[in-house]
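Take a look at the structure below. This short report walks through a pocket, a small sheet and some unusual backbone spots.

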Amino acid sequence: MRTSQMLIPTLREEPGEAETVSHRLMLRAGMIRKVAAGIYTYLPLGLRVIRKVEAIIREEMNRAGAQELLMPIASPAELWRETGRWDFYGKELLRFKDRHERDFCLGPTHEEVITDLIRREVRSYRQLPLNCYQIQTKFRDEIRPRFGLMRGREFIMKDAYSFDRDEAGATVSYQKMYDAYHRIFTRCGLTFRAVEADTGLIGGTSSHEFMVLADTGEETILYADQGTYAANVERAEVLPPTETTTESPRPLRKVPTPGARTVEEVTALLKIAPQQLVKTMLYRTAKDTVAVLVRGDHEVNEIKVKKLLGVVEIELASPDKVAAVTGAPVGFAGPVGLRGTRILADQAVKALRNFVVGGNETDTHYVDANWERDFAVEQFADLRNARAGDPSPTGQGRLRVARGIEVGHVFMLGAKYSQSMKATFLDPQGQETMAVMGCYGIGVGRTAASAIEQNHDAKGIIWPAPIAPFHVHLLPLSQSAAVTEATRSLYDLLTQAGIEVLWDDRDERAGVKFNDADLIGAPCHLIVGEKGLAQGLVELKRRKTGEATRLPQDQVLTQVQAMLANLPKT
């Protein structure tokens, strides 16, 4: 393909709207353009990358036994009301009415639609197991779309749904998808980890996220420096303390702490370590207010609290609510004398003695508090975020922290949707049985953007070969007859061998062409100039390292093939 025949509007200036490396470079390389907040047009270069990611996904999904179909982006409210998600999903679900005043939504995911299809078409256990997938546009009305393709409102997603006769079969289907995802992201040339994750709005019993490791990642993941344990920060487990203080309880004392509200202020004033202070965090649920106690150097994990309480949502109590419950402003809440409020505590608090808590009075804290004597805890549990240095939950090594970008998610749904939508089949005994489900998603645009976050330098993108828009960027340095003829000959030679070539045939300065080539990021650059041709040579450069080799034209094909063979490939 010739550059003059393609829409590649590269930018010299840094786009002011860009917040991440991938967003900035995709705009500068002419791969995407913004239509509205979180909504983008894919230009030809960007779409070539998307299609390559999709092709890898299709091959691996088909290899795993899944069947491709295509569901509509719009779905009727009746299906969502059956599962209760019409109201539960919140404002991310874009709702609208058709001309007959019937409620519809734009699908952010398709559990309801696929389950409706299967309950209508599957009657017997002989039709199971079944796994269907699609690659299609989704819409989630994010409150703050940002980061380009990382968190848009409209996006391309591969979503698959498995239906099995029983839990054992569902486990097999889940493992097939888990393995397929490993192959997909490996073939895309990404460095990633599969981590245990929370099931979130999708629901179900268990899930794994596939995280591309990148310093710019939104998510925090924790992994063991020994063994294979890995989880996101919402899901990472914390073992109970192995040591408990033998210190004898001291008398409880109330002390003035004027103006000291934060952990840093209180510990500095009282000259204690943060581990000797217990924070009291007040949360509101739909029914009541709950106090959650954690050590001063720990942070509450709200996902764990929600699971322990068995509720869908919690939120920090407002300052007015804190004052009404405790009698004091935010910063002075404590468990001693707290009435009418359930008290939960992280398991690390159970190991403490003689610690500091809020005094439920302005500018006041209690010193030498002890939970067995001074207040009652309804339940101790793992309620904090894991952090670097904690022992691995498997007992192998300690946890380390990395940043990650979620590109895929697999869920074991169980009978969550089949039960609410009555997706049943007849088992061998003729009895009606609920189908056991799994669902599996991949963000196609996110995968492309994550590849950039992981593969770039100051000059631009460095695409992994399997998803690069072109394998070779052909750069003639003049418009002379000799250079043009040599360039055409090389273009024909490479394309006939199945190598994708972008020929920069513009009448531009060499510096402009080099800058655009580095920005666009094809794995190989092939440079044709008059001086080199006078010696019978052209220059082949590896984009990633900048390593350049001058070689005769008749060696170009074998050298390019060798270079691409040593790069990540399909």
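How do the residues of the lining of the second largest pocket divide into nonpolar, polar and charged? There are 13 nonpolar, five polar and two charged residues. Keep in mind that this is a predicted model.

**The pocket**

The second largest pocket has a volume of about 380 Å³. Its lining takes in 20 residues. Nearest the centre lie R261, T280, M281, V330 and G331. Three elements give two or more residues each to this lining: α7 (263-270), β14 (278-284) and β18. The largest share comes from β14, with five residues.

**The sheet**

The strand β18 also belongs to an open sheet of three strands. The order is β13-β19-β18, and the pairing is antiparallel. Which strands stand at the edges? They are β13 (253-256) and β18. Each has a single partner strand, so one side of each is left without a neighbour in the sheet. Neighbouring strands here are turned by 35° against each other on average, with direction ignored.

In general, strands of a sheet pair through backbone hydrogen bonds, either parallel or antiparallel. Between β18 and β19, the antiparallel pairing runs over three bridges. One bridge partner can be named: F355 is matched by A369 in β19.

**The loop between β18 and β19**

Now follow the chain from β18 (355-358) to β19 (364-369); the loop between them holds N360. D363 sits in the loop between β18 and β19 as well. Most residues other than glycine have a negative phi. N360 has a positive value, and D363 has a positive value too.

| Residue | Phi | Relative accessible area | State |
|---|---|---|---|
| N360 | near 55° | 11% | buried |
| D363 | near 60° | 30% | partly exposed |

Why does N360 count as buried? Its relative accessible area is 11%, and buried means under 20%. D363 is at 30% and therefore counts as partly exposed, a class that lies between buried and exposed, the latter being over 50%.

**A cis peptide bond**

One more backbone feature is found elsewhere in the chain. Most peptide bonds are trans. What is the peptide bond from L128 to P129, cis or trans? It is cis, with omega near 5°. P129 lies in the loop between α5 (111-121) and β7 (130-139).

**Looking back**

Find β18 once more in the picture. This strand gives two or more residues to the pocket lining, and it stands at an edge of the sheet. The loop that holds N360 lies between β18 and β19.

Terms used
Residues are numbered from 1 along each chain as its sequence is written. This is a predicted model: local features need pLDDT of at least 70, side-chain atom pairs count only at pLDDT 80 or more; totals for chains, interfaces and linings use all residues. Side-chain values use heavy atoms; hydrogens and water are left out. Helices (H or I, at least four residues) and strands (E, at least two) are DSSP runs, numbered from the N terminus. Buried means under 20% relative accessible area, exposed over 50%, partly exposed in between (1.4 Å probe, protein chains only). On a 1 Å grid over the protein atoms alone, a cavity is a set of points where a 1.4 Å probe fits but cannot get out, and a pocket is an open set with protein on both sides within 12 Å along at least five of seven lines; lining residues have an atom within 4 Å of a point. Grid points are joined across faces, edges and corners, and a volume is the space filled by probe spheres set on the points. Ala, Val, Leu, Ile, Met, Phe, Trp, Tyr, Cys and Pro count as nonpolar, Asp, Glu, Lys and Arg as charged, and the others, Gly among them, as polar. Two strands pair if DSSP finds at least two bridges between them. Axes are lines fitted to C-alpha atoms, for helices over the stretch in contact, and angles run from 0 to 180 degrees between N-to-C directions.
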